[in-house]
Structure formats: structure tokens, C-alpha cells
Amino acid sequence: MEISIQQNASTIGIVRPEFISTTMDWWHLKSEAWGNSSVIHADLTHPNLVAAARGLRPFFLRIGGSFADIATYNMSNNSTISTTPLVGEANRLAKACSKNRQLCLTRQRWDEILKLAHDTG
């Protein structure tokens, strides 16, 4: 696809800001197709990613994609893998995350994503 911008061109349509978005997807670590681009493993401080996010603003960052329906969203205060016994829901989430860390969004990672969003406007 090729896009060009010309001066004095007429507007044929406008996309409202709430429809401009991009997705950080779930991928297995070092998958041949996407490398370390998963929402879990991407370097959220990489200058190219930060520049791209700043260039797209205002936009919505979506977290989801192919594996979102089977991912674990562990937003408990004990969202890191722990050796101390946990109870109830925190215990269930910790077990799910320890089984498949590549599909576990922890509170710490969520905070990192929010920092990217805040820092890039």
C-alpha cells in the first residue's frame, strides 16, 4: 500500500479520533512471525515504538488479538510469581500465570503499558 499527501488536495473524508487505534497482540515468545513483539515481551521503551506512538496520537491502544480470550489478566496486588501461599482468586490467577507466563498480563506489565500511553500522550 502506498499513501501520499498532496498540498491543496480536497478532503474526501475524515476519520474521527476515537476510531484511530492500534493493537498490541499476544504472541508466543520468539514466534517466527513476530519475534518479541507480544504485549508481554515488547520493549515498551524502545525509541522506535515510542516515536510511533507519539506519531499516532491521539489514538487508542488496544490490548488483545488472537490469544486474548485465553489470556489471564492478573491485576491482583500479588501478580508476580510468588512462593508464598495465596488464597482464593489470587491463588487461581497465580497458578494460571505460572502455567503460561506468555499469556499472563500482570499488574506490573499493565502499569508499564499505562506508562507508555502516558509518556507518549
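Colleague: Which element gives the most to the lining of the largest pocket?

Modeller: This is a predicted model, in which local features need pLDDT of at least 70 and side-chain atom pairs count only at pLDDT 80 or more, while totals for chains, interfaces and linings use all residues. Residues are numbered from 1 along each chain as its sequence is written, and side-chain values use heavy atoms, with hydrogens and water left out. At least two lining residues each come from strand 1 (21-25), helix 1, strand 2 (60-64) and helix 3, these being DSSP runs numbered from the N terminus (helices H or I, at least four residues; strands E, at least two). The most, six residues, come from helix 3.

Colleague: Which residues lie closest to the centre of the largest pocket?

Modeller: The largest pocket holds about 420 Å³ of space, a pocket being an open set of points on a 1 Å grid where a 1.4 Å probe fits, with protein on both sides within 12 Å along at least five of seven lines. Of its 22 lining residues (an atom within 4 Å of a point), the closest to the centre are Met24, Leu49, Ala53, Leu61 and Leu116.

Colleague: How is helix 1 oriented relative to helix 3?

Modeller: The axes of helix 1 (residues 47-56) and helix 3 (residues 107-120), lines fitted to C-alpha atoms over the stretch in contact, come within 9 Å and cross at roughly 55°. Because 35 to 65 or 115 to 145 degrees counts as such, helix 1 is oblique.

Colleague: Which residues does a cis peptide bond join?

Modeller: One partner is found in the loop between helix 1 and strand 2, namely Pro58. With omega about -5°, the cis bond joins Arg57 and Pro58.

How values were computed: Axes fitted to C-alpha atoms, helices over the stretch in contact; angles between N-to-C directions. Points joined across faces, edges and corners; volume = space filled by probe spheres on them.
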